[in-house]
Amino acid sequence: MPVEFLGIAATGDGSETSPRTTASFDRDYTLRLARAHEEHGWDRVLFAYGSGSPEPAAAAAFLASHLDRLQILLAHRPNVSYPTFAAKTFATLDRISDGRLTVHFITGGTDHEQQREGDFLTKDQRYERTREYIGIVKKAWTSREPFDHEGPHYRFNDFVSDVFPVQQPRPAVSFGGSSDAAYAAGGAEADIYCLWGEPLARTAEQIERVKEAARAAGRSDVPRIQVAFRPIIAPTEELAWEKAHRTVAAIRARRESGELAPRRRPVATQPEAATPENVGSQRLIEIAEAGERYDRALWTPTAAATGGAGNSNALVGTPETVAQALLDYYDLGVDILSARGYHLLDDAIDFGRYVIPIVREEVAKRDAAKAGAAEAAERDRHQLIAVQA
């Protein structure tokens, strides 16, 4: 099974460790970072979504018109547009990119962030809406005949699109989450299921949950699995750990100064929650509280320093150590590896130069060994049949 690498298509140069020096959408930086990914062995980049961030579909179209190979993972929240409109947007972008689009559907991890753009549904209602939304988008991508729809959240008559994706039958659908509702929705609808980096044993449990949800939905296949990390690499182990501690110190300093706190108007009736609302972040905090280091290279203080915010667990070590840690996840059944450093441009280049080639080489060896074992088993089977005859 080939391995794939997902990076970040940031439109500005800020991160948890350093403030942004560019505009929120900087054409030159966006293109420079994407080219660094394309030129250093990455397969695709993620255009993330935030309520106040640059619109990701437009940014992705800009990128697709300038690069020929790099694939695009476009994050999209169902609350921000009607599904028929979104389906046309995605199909048009797939045309612009000549079939390089995957769409990542986001249900929403916090009420506050969703409400910033007028979404006041409960979490369970949001998951229900997301499943309905994805179903409509898939049908709009593939139906050449007009169709009607009447569901809990959307109703329309006689819709048919005049723009269809290059990819047939349709682009892939990506989805993530760690709650029961997320497993159910993603297990039913996703081609790719995304997880944040956790210890190997807990990742294995989540993969099984995804498979169970897919079977419960009546699927004969299962989603591919993607896992995300924050790699911190250096030429020696000692230097890597020094870099890791500097990274956490920088995150803590910015958080304590208020630079990393979300801009939020105080509301007396809506106090800040003591713990994150989404299960994925709760899991990261629980793991961090239980220990700092897991398995070969997983390090949790980066997640603890951000309050379990998103993809935040690190892999620390030399390129060889981090590559072997990623291969441990590949051996679990993970074949899409998401990585994003804290200095976006330099880390994308270093990871591409020094980590990706090691992982690809080792995966090729594993695949060759599996193929050889399968051929040997087939020869043995034929020999047995011949003897029995």
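Is Phe351 buried or exposed? Phe351 is buried, at a relative accessible area of 3%. Keep that residue in mind. We will meet Phe351 again at a cavity wall. One caution before going on: this is a predicted model.

Aromatics, then. A search over the whole structure turns up 17 aromatic pairs. One of them joins Phe5 and Phe351. The geometry is edge-to-face. Centre to centre, the rings of Phe5 and Phe351 are 6.1 Å apart, with 70° between the planes. Edge-to-face here needs planes over 60 degrees apart, and this pair has 70°.

What does that pair tie together? Phe5 sits in strand β1, residues 4–8. Phe351 sits in helix α12, residues 344–354. So the contact links parts that are 346 residues apart in sequence. Phe5 is buried too, at 0% relative accessibility.

There is also an aromatic cluster. Which residues form it? Tyr82, Phe90, Phe105, Tyr133, Trp141, Phe147, Tyr154, Phe156 and Phe159. That is one cluster.

Two arginines use ring faces. The charged end of Arg144 sits over the ring of Phe164, 3.7 Å from the ring centre. Arg230 lies over the face of Tyr342, and there the figure is 4.1 Å from the ring centre.

Now the cavities. How many cavities of 30 Å³ or more does the structure hold? The count is 3. The largest has a volume of about 60 Å³.

Here is Phe351 again, as one of the lining residues of that largest cavity. The full lining is Ile8, His37, Trp42, Pro231, Ala339, Arg340, Gly341, Leu344, Asp347, Ala348 and Phe351. Which element gives the largest share? Helix α12, with 4 residues. By class, the lining has 7 nonpolar, 2 polar and 2 charged residues. So Phe351 has two roles in this talk: a ring partner for Phe5, and part of the wall of the largest cavity.

Next, charges. The structure holds 25 salt bridges. I will take three of them.

First example: Asp111 with Arg126. Their side chains meet at 3.0 Å, N to O. Asp111 is in helix α4, residues 111–115, and Arg126 is in helix α5, residues 123–142. So this bridge ties together parts 15 residues apart in sequence. How do the two ends compare for accessibility? Asp111 is partly exposed, at 29% relative accessibility. Arg126 is buried, at 0%. Buried means under 20% relative accessible area.

Second example: Glu362 with Lys365. This salt bridge has an N to O distance of 3.4 Å. Both residues are in helix α13, residues 356–388. They are 3 residues apart, so about one helical turn separates them. Lys365 is partly exposed, with a relative accessible area of 47%.

That bridge has company. Which residues are linked in the network of salt bridges? Asp331, Glu361, Glu362, Lys365 and Arg366.

Third example: Glu378 with Arg381. The distance is 2.8 Å, N to O. Helix α13 again, with a spacing of 3 residues, so about one helical turn lies between Glu378 and Arg381. Glu378 counts as partly exposed at 34% relative accessibility. Arg381 also counts as partly exposed, at 41%.

Last topic: the backbone. Where is the cis peptide bond that I want to show? It runs from Gln168 to Pro169, and omega is near 5°. Pro169 is in the loop between β6 (155–159) and β7 (172–176).

Then two residues with positive phi. Asp98 is not a glycine, yet its phi is about 55°. Asp98 lies in the loop between α3 (83–96) and β4 (101–105). Asp98 is exposed, at 59% relative accessibility. Asp295 is the other one, with phi near 55°, again in a residue other than glycine. Its loop runs between β10 (293–294) and β11 (298–299). Asp295 counts as partly exposed, at 48% relative accessibility.

To close, back to where we started. Phe351 is buried. Phe351 pairs edge-to-face with Phe5. And Phe351 helps line the largest cavity.

Terms used: Residues are numbered from 1 along each chain as its sequence is written. This is a predicted model: local features need pLDDT of at least 70, side-chain atom pairs count only at pLDDT 80 or more; totals for chains, interfaces and linings use all residues. Side-chain values use heavy atoms; hydrogens and water are left out. A salt bridge is a side-chain nitrogen of Lys or Arg within 4 Å of a carboxyl oxygen of Asp or Glu. Buried means under 20% relative accessible area, exposed over 50%, partly exposed in between (1.4 Å probe, protein chains only). Rings of Phe, Tyr and Trp (its six-membered ring) pair if their centres lie within 6.5 Å; planes under 30 degrees apart count as stacked, over 60 as edge-to-face and the rest as tilted. A charge sits over a ring if NZ of Lys or CZ of Arg is within 6 Å of the ring centre and within 35 degrees of the ring normal. On a 1 Å grid over the protein atoms alone, a cavity is a set of points where a 1.4 Å probe fits but cannot get out, and a pocket is an open set with protein on both sides within 12 Å along at least five of seven lines; lining residues have an atom within 4 Å of a point. Grid points are joined across faces, edges and corners, and a volume is the space filled by probe spheres set on the points. Ala, Val, Leu, Ile, Met, Phe, Trp, Tyr, Cys and Pro count as nonpolar, Asp, Glu, Lys and Arg as charged, and the others, Gly among them, as polar.
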